[in-house]
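Student: I have a structure to go through before class. Can we look at it together?
Tutor: Yes. Here it is.
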Amino acid sequence: MSKDKSDLLQGTLDMLVLKALQLEPMHGWGITERIEQWSESVLQLGQGTLYPALYRLERQGLIRSEWNVTENNRRARYYSLTREGRRRFSDEIEQWQRMSRAVNMVLQATIE
């Protein structure tokens with residue numbers, strides 16, 4: 001049974017959303033587009049995936065939101081990182097890099 005190529009590892013969605021918001025405040029569609037672009041379309045987030053994550057991150061105090069006008073002159077909720085969100089993102093990146101290095105070492109291991 002194969003998994004969809006857009007499936008995310010558990011716990012990575014929040015880190016990707018925080019990364020997108022690290023650069024600038026964005027509305028939900030913008031976050032989705034940015035992640036899809038950066039991943040060369042491997043990661044495709046649906047609204048049913050993204051918005052629960054945004055609500056969860058906002059409840060945790062990692063992001064905040066406010067209504068604003070988009071480049072297309074439409075009202076949308078813009079999300080931005082809080083100070084705690086920037087701190088959490090930094091911690092998540094450090095943990096991710098340590099874990100991916102460890103997994104790579106295991107995958108490249110050979111019998112001597």
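Student: Which residue is the bridge partner of Trp 67 in S3?
Tutor: Arg 77 is the bridge partner of Trp 67. Keep in mind that this is a predicted model.
Student: And what stands opposite Asn 68 in S3?
Tutor: Ala 76 of S3 stands opposite Asn 68.
Student: How many bridges do S2 and S3 pair over, and is the sense parallel or antiparallel?
Tutor: Seven bridges, in the antiparallel sense. S3 covers residues 75-81, and S2 covers 63-69.
Student: What links S2 and S3?
Tutor: The two strands form a hairpin with five residues between them. Asn 73 sits in that turn and has a positive phi of about 60 degrees.
Student: What is the strand order in the sheet?
Tutor: The order is S1-S3-S2, in an open sheet of three strands with antiparallel pairing.
Student: Why is one side of S1 and of S2 left without a neighbour in the sheet?
Tutor: S1 (26-27) and S2 stand at the edges and each has a single partner strand, so one side of each has no neighbour in the sheet.
Student: Where do side chains point in a strand, generally?
Tutor: In a regular strand they alternate between the two faces of the sheet.
Student: New topic. How many helices does the chain have?
Tutor: Four helices, along with three strands. Along the sequence the pattern reads α-β-α-α-β-β-α.
Student: At what angle do H2 and H3 cross?
Tutor: At roughly 115 degrees, with their axes coming within 11 Å. H2 is residues 28-38 and H3 is residues 47-59. The crossing is right-handed.
Student: Which residues make that contact?
Tutor: From H2, Gly 28, Trp 29, Ile 31 and Thr 32; from H3, Leu 50, Tyr 51 and Leu 54. By class, five are nonpolar, two are polar and none is charged.
Student: What lines the largest pocket?
Tutor: His 27, Trp 29, Thr 70, Glu 71, Asn 72, Arg 74, Arg 75 and Ala 76. Trp 29 is also one of the H2 residues in the contact with H3. The pocket lining has two nonpolar, three polar and three charged residues.
Student: How much space lies in it?
Tutor: About 160 Å³ lies in the largest pocket.
Student: Last one: what box do the C-alpha atoms fill?
Tutor: Roughly 60 × 35 × 20 Å, taken along the principal axes.

How values were computed
Residues numbered from 1 in each chain as written. Predicted model: local features only at pLDDT ≥ 70, side-chain atom pairs only at ≥ 80, totals over all residues. Heavy atoms only, no water. Axes fitted to C-alpha atoms, helices over the stretch in contact; angles between N-to-C directions. Left-handed = near helix turned anticlockwise from the far one by under 90°. Contact = heavy atoms within 4.5 Å. Nonpolar A, V, L, I, M, F, W, Y, C, P; charged D, E, K, R; others polar. 1 Å grid on protein atoms, 1.4 Å probe; cavity = no way out; pocket = protein on both sides within 12 Å on 5 of 7 lines; lining within 4 Å. Points joined across faces, edges and corners; volume = space filled by probe spheres on them. Pairing = 2+ DSSP bridges.
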